[in-house]
Amino acid sequence: MDHDIELAVDTARVLFRFSPNFLPHRHLWDSPRHSNVNYELHIVLHGTCTVEVAEDTFSLSAGDTLIVAPGVYHGALADDGPFERFTMTFAAPKSSLTPTLQRVINPYARMTAPPEIRSLCGAILREYGNEELYQDTLLRFQLGQLLVFLLRQFAVLETQIRQNERGEFGHLSEDMVDMVTTIEAFFTKNMASYGAMQELADKLHISKRQLCRLIPKLYGMTFREKLLDTRMDYAAWLLRTTQQSTSEICKQVGYTSEPTFYTNFKQHHGTSPAQYRRKYQPPSNTETK
């Protein structure tokens with residue numbers, strides 16, 4: 001069969017590549033230190049191992065997931081007893097996913113694969129080896145599930161990176177503290193509409209061009225991204241602490257389209273509004289939508 005399978009979720013296109021040693025490498029990690037032209041995915045299914053990526057050394061155990069960026073040298077140092085992993089490479093040529101990958105996998109990213117994803121990886125390994133009818137069709141379906149898991153993890157990592165890039169907070173002059181206070185108040189009060197940049201610039205007594213430079217400097221994001229961040233933070237707080245319906249929350253944070261709100265919330269928090277609420281409130285208090 002073809003060892004390359006290309007899949008797409010919305011505008012995110014990914015090319016999964018099976019190496020000739022896809023099955024033999026499941027029970028060992030004996031490749032010498034090397035780099036790859038594509039992203040390299042490793043999910044430990046059973047056992048433990050010690051790996052070295054760039055200048056970092058750490059241990060991986062069942063559920064640990066490692067993605068190494070292209071051109072980054074890495075290798076396994078040792079494994080301890082019975083060992084099994086799922087490993088393959090992937091690329092995102094001409095895809096909207098490319099900037100995200102470059103941002104969140106630099107030089108590598110670590111995450112946790114839940115039991116159902118580990119079971120899925122085991123199913124992919126078994127299906128790849130049986131060569132029965134419709135093998136390619138089933139593999140595409142299974143890899144599609146794996147891709148959705150990865151996309152959700154990338155969204156979470158993207159949010160974490162933005163939260164860690166809060167610019168110059170903690171090192172602000174007294175004048176800048178007053179400006180940030182004005183900015184925060186503006187975004188909080190303008191969630192119900194895409195508050196005009198010129199309005200905020202006037203409040204700060206600066207030009208719109210200066211504001212376009214100031215917001216990224218302070219927050220590590222654009223004006224629109226800061227507004228989205230404010231909306232998503234407030235929506236999450238409402239889901240955690242109130243019994244308002246998702247439809248009500250959607251309107252309260254400035255959305256007229258519920259599907260758009262759901263999409264933005266999932267991209268921002270890595271889960272749907274309903275799933276997010278169930279995580280923080282007892283089942284009896286959650287909505288079924």
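Helices here are DSSP runs of H or I with at least four residues, strands are runs of E with at least two, and both are numbered from the N terminus. With that in hand, start at Pro107, which sits in the loop between helix 1 (98-104) and strand 7 (108-112). The peptide bond joining Asn106 to Pro107 is cis, with omega at about 0°. Most peptide bonds are trans, and most residues other than glycine have a negative phi. Keep that second point in mind for two residues further on. One caution before going further: this is a predicted model.

Now step back for the overall picture. The chain has ten helices and seven strands. Of its 289 residues, 44% count as buried. If you take the contacts with a separation of 6 or more, 68% of them are between residues 24 or more positions apart.

Next, the interior. The largest nonpolar core holds 52 residues, and Phe86, Leu146 and Phe154 are the ones with the most contacts inside it. Helix 3 (residues 135-164) gives this core its largest share, nine residues. Phe154 is a good place to look around from. Setting aside neighbours within four places in sequence, Phe154 touches Ile67, Phe90, Leu97, Thr100, Leu101, Val104, Ile105 and Met111. Apart from this core lies another one, made of 18 residues, including Met179, Ile206, Leu218 and Leu227.

Aromatic rings are worth a tour of their own, with 16 pairs in the count. Take Phe22 and Tyr128: the ring centres are 4.9 Å apart and the planes meet at 70°, and since over 60 degrees counts as edge-to-face, that is what this pair is. Phe22 belongs to the loop between strand 2 (12-17) and strand 3 (39-53), while Tyr128 belongs to helix 2 (residues 115-130), so the pair links parts of the chain 106 residues apart. Phe22 is buried at 1% relative accessibility, and Tyr128 is buried too, at 11%. Another pair, Phe187 with Phe223, is tilted, at 5.1 Å centre to centre and 50° between the planes. This one connects helix 4 (residues 174-189), home of Phe187, with helix 7, home of Phe223, across 36 residues of sequence. Both Phe187 and Phe223 are buried. Towards the end of the numbering, ring pairs join Tyr255, Phe261, Tyr262, Phe265, Tyr276 and Tyr280 into a cluster.

That brings us to helix 10 (residues 273-280), where Arg277 is found. The buried residues of helix 10 are Pro273, Ala274, Tyr276 and Arg277. Around the axis they cover an arc of only 160°, so they sit on the same side of helix 10. They pack against helix 7 (223-241), helix 8 (246-252) and helix 9 (258-269). What does a buried arginine look like here? Arg277 has a relative accessible area of 1%, which is under the 20% cut-off, so it counts as buried. A polar atom of the Arg277 side chain lies 3.1 Å from the backbone oxygen of Leu239.

Helix 5 (residues 197-204) shows a similar theme, with Leu200, Ala201 and Leu204 as its buried residues. Looking down the axis of helix 5, you find these residues within an arc of 100°, so they line one face of the helix. The background is helix geometry: an α-helix has 3.6 residues a turn, so residues three or four places apart point the same way.

Right after helix 5 comes His205, in the loop that leads to helix 6 (208-219). Although His205 is not a glycine, its phi is positive, at about 60°. His205 is exposed, with a relative accessible area of 72%. Tyr134 is the other residue to check: its phi is near 65°, again positive in a residue other than glycine. Tyr134 is placed in the loop between helix 2 and helix 3, and it is exposed at 65% relative accessible area.

Last, the cysteines. How many disulfides does the count give? The count comes to zero. Cys121 is buried, with a relative accessible area of 0%, whereas Cys212 counts as partly exposed at 42%.

How values were computed
Residues are numbered from 1 along each chain as its sequence is written. This is a predicted model: local features need pLDDT of at least 70, side-chain atom pairs count only at pLDDT 80 or more; totals for chains, interfaces and linings use all residues. Side-chain values use heavy atoms; hydrogens and water are left out. Buried means under 20% relative accessible area, exposed over 50%, partly exposed in between (1.4 Å probe, protein chains only). The arc is that of the directions from the helix axis to the C-beta atoms. A polar contact is a pair of N or O atoms within 3.5 Å; within protein, one must be able to donate a hydrogen and the other to accept it, and residues adjacent in sequence count only if both atoms are side-chain atoms. A nonpolar core is a set of buried Ala, Val, Leu, Ile, Met, Phe, Trp, Tyr and Cys residues joined through side-chain atoms within 4.5 Å. Contact means heavy atoms within 4.5 Å. A disulfide is a pair of cysteine sulfur atoms within 2.5 Å. Rings of Phe, Tyr and Trp (its six-membered ring) pair if their centres lie within 6.5 Å; planes under 30 degrees apart count as stacked, over 60 as edge-to-face and the rest as tilted.
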